[in-house]
Amino acid sequence: MLPCPVCWNNQEKNLCVLDQRLLPWEVSFIFCNTCEDVAQAIESLAVRGAPAIGVAAAYGVALGARKGKLEVERAIERLSRTRPTAVNLFWALDRMSQIAAGTEEEKLFSCLLNEAHAIREEDIAINRQIGTLGQSLLPRDGIVLTHCNAGSLATAGYGTALGVIRAAREHGKNIKVYADETRPVFQGARLTAWELLEEGFDVTVICDNMAGALMQKQAVAAVLVGADRIALNGDTANKIGTYSLAILARYHSVPFYVVAPTSTIDKEACEGSCIEIEERDGSEVREPAGHPLIPESFPVWNPAFDVIPHTLIQAIVTEKGVLTPPFLEKIIDI
Ligand code: MRU
């Protein structure tokens, strides 16, 4: 069984986070006793993936509540500065803030902890629902290409894009997965391949620049990716490299599906240009997986995400249904 990426440790009353930086070599956990511990786990990518970040942040707020209501506000402010693109973070913080506002001081910690538990449990149930709906888009036998990690590790469990693959297997389908390595942090090679191999899936890692050759040589049934933020018109921010993959998919007539819970939809963003894209430290590019590749003096650009225009997306699979273009009205409806 896969380890839980974000779990409340009821004995020690702290948050247990699987340290994803060490995978696939080491299964090791970080124990967060304070909101600051959680913030650092998010910033350092020990916990990553939009829904998992939201769940971890919710527990971070609960940990802050141990010190009273004022500390809840500080916790929310601190956590909101960890990563700018995944909207699930702000969605979870909003939910926690609303509970805090309506709760008296003595019950603050227990009520916020219960809300964090609810966010976590809902996420798993939603992913299962997404999987059931999304698997209907896949053939009985076929090849699927995915980018980054939108799996169990990126959520509270089961995954979004990889949840669809899990559900397809539960429906008796035979899906072979290709996983883009996903430079510069290698979430595809390290995390997607690891979690699928742990569960006996047929998965093959490719370098990001091999995706075109794969589509040229093999009949790829679909590209399945997760999302960090979806604008109202369907434009979607996801891990850097997803945009190139969407263009390749269009050129090769391969359906390109975004798979995400409705908590990834940003009601404030009318289109992709409104989405803030995180830029991360150049050391991730200069020293991939901690191994020096180029000197520190070499300038690099390291955006963590890119935006896929809605025109390149065949469907957005959510727990409330499979949305097809035109997206705007359907997204507003749900
Ligand atoms: O930088 P990361 O690893 O947090 O980026 C993760 C992604 O881009 C995922 O594809 C996205 O969050 C969806 S996870 C279900």
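## Make-up of the ligand shell

Sorted by class, the residues that form the shell around the ligand comprise seven nonpolar, seven polar and four charged residues. The model in which this shell is described is a predicted one. In total, 18 residues surround the ligand, and the closest of these are Arg 48, Arg 83, Asp 228, Asn 238 and Lys 239.

## Polar contacts and burial

Three of the closest residues can be described at the level of single atom pairs. In Asn 238, a side-chain N or O atom is placed 2.7 Å from an oxygen atom of the ligand, and in Lys 239 a side-chain N or O atom likewise lies 2.7 Å from a ligand oxygen atom. For Arg 83, the distance between a polar side-chain atom and an oxygen atom of the ligand is 2.8 Å. The ligand taken alone would expose 410 Å², and the protein buries 99% of that area.

## Location of the ligand

The site occupied by the ligand is the largest cavity. Two elements, α2 (50–64) and β9 (236–239), give two or more residues each to the shell around the ligand; Asn 238 and Lys 239, whose side-chain contacts are described above, fall within the range of β9 (236–239).

## The chain as a whole

The chain that holds this site is built with eleven helices and 13 strands. Its radius of gyration is 19 Å, close to the 20 Å that the globule rule gives for 334 residues, and the chain is therefore as compact as a globular protein of that length. Measured out along the principal axes, the C-alpha trace of the chain spans about 60 × 50 × 40 Å.

Key. Residues are numbered from 1 along each chain as its sequence is written. This is a predicted model: local features need pLDDT of at least 70, side-chain atom pairs count only at pLDDT 80 or more; totals for chains, interfaces and linings use all residues. Side-chain values use heavy atoms; hydrogens and water are left out. A residue is near a molecule or strand if one of its heavy atoms lies within 4 Å of it. A polar contact is a pair of N or O atoms within 3.5 Å; within protein, one must be able to donate a hydrogen and the other to accept it, and residues adjacent in sequence count only if both atoms are side-chain atoms. Accessible areas come from the Shrake-Rupley method with a 1.4 Å probe; for residues, only the protein chains shown count as cover. On a 1 Å grid over the protein atoms alone, a cavity is a set of points where a 1.4 Å probe fits but cannot get out, and a pocket is an open set with protein on both sides within 12 Å along at least five of seven lines; lining residues have an atom within 4 Å of a point. A molecule sits in a cavity or pocket if more than half of its atoms lie within 2 Å of its grid points. Helices (H or I, at least four residues) and strands (E, at least two) are DSSP runs, numbered from the N terminus. Ala, Val, Leu, Ile, Met, Phe, Trp, Tyr, Cys and Pro count as nonpolar, Asp, Glu, Lys and Arg as charged, and the others, Gly among them, as polar. The radius of gyration is taken over C-alpha atoms; the globule rule is 2.2 Å times the number of residues to the power 0.38.
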